[in-house]
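Trainee: I would like a close look at one part of this structure, please, with each term explained when it comes up.

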Amino acid sequence: MNEVVIEGKGICRDFSGVRVLFDVDIAGRRGEIHGIVGENGAGKSTLMNILGGVLSPTEGKDIFPGQGGIVES
């Protein structure tokens, strides 16, 4: 029941030389619900776009254990 289905380690993202995400670690396990909250401009959408494959992280890696995929930067 605690199987990790998506994980991000050390995720950083830069836009035009400005770092908007700093060393983010997140794991989603089967059966869990997570809320991503923060002020405007905190990087919520950027993090979700990285985990969803829309954007690539500047540094760090996305891990999808169930699918055997690892994306590293």
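Mentor: Let us follow the salt bridges, and after them the core.

This is a predicted model, in which local features need pLDDT of at least 70 and side-chain atom pairs count only at pLDDT 80 or more, while totals for chains, interfaces and linings use all residues. Residues are numbered from 1 along each chain as its sequence is written, and side-chain values use heavy atoms, with hydrogens and water left out.

To have a map first, note that the chain holds 1 helix and 4 strands, arranged along the sequence as β-β-α-β-β. Here helices (H or I, at least four residues) and strands (E, at least two) are DSSP runs, numbered from the N terminus.

A salt bridge means a side-chain nitrogen of Lys or Arg within 4 Å of a carboxyl oxygen of Asp or Glu, and by this rule the count is 4. One of them joins Arg30 to Glu3, whose closest N and O atoms are 3.2 Å apart. Arg30 sits in the loop between S2 and H1, and Glu3 in the segment before strand S1 (4-15), so this pair ties together parts that are 27 residues apart in sequence. To describe how covered a residue is, we call it buried under 20% relative accessible area, exposed over 50%, and partly exposed in between (1.4 Å probe, protein chains only). On that scale Arg30 is partly exposed at 47%, and Glu3 is partly exposed as well, at 40%.

Another salt bridge runs between Glu7 and Lys9, with 3.5 Å between the closest N and O atoms. Its two partners fall into separate classes, since Glu7 is buried with a relative accessible area of 18%, whereas Lys9 is partly exposed at 38%.

A further salt bridge pairs Glu59 with Arg19, where the closest N and O atoms are 3.0 Å apart. It links distant parts of the chain, with Glu59 in strand S3 (residues 59-64) and Arg19 in strand S2, 40 residues apart. Both are partly exposed, Glu59 at 38% and Arg19 at 25%. The pair also belongs to a wider arrangement, in which Asp14, Arg19 and Glu59 are linked in a network of salt bridges.

Asp14 leads us on to Thr58, which lies in the loop between H1 and S3 and is partly exposed, with 32% relative accessibility. Although Thr58 and Asp14 are 44 residues apart in sequence, their C-alpha atoms are 6.1 Å apart in space. The backbone nitrogen of Asp14 lies 2.8 Å from a polar atom of the Thr58 side chain.

Now turn to the core. A nonpolar core is a set of buried Ala, Val, Leu, Ile, Met, Phe, Trp, Tyr and Cys residues joined through side-chain atoms within 4.5 Å. In soluble globular proteins, nonpolar side chains tend to be buried together. The largest nonpolar core here has 6 residues, namely Ile11, Leu21, Val24, Leu47, Ile50 and Leu51. Strand S2 (18-29) and helix H1 (44-51) are the elements that give two or more residues to this core, and H1 gives the most, with 3 residues. Within the core, Val24 is a useful residue to look at: leaving aside its neighbours within four places in sequence, Val24 is in contact (heavy atoms within 4.5 Å) with Gly8, Lys9, Gly10, Ile11 and Leu47. Lys9 thus appears in this list and also as the salt-bridge partner of Glu7.

Notes. Polar contact = N/O pair within 3.5 Å; in protein donor to acceptor, adjacent residues only side chain to side chain.
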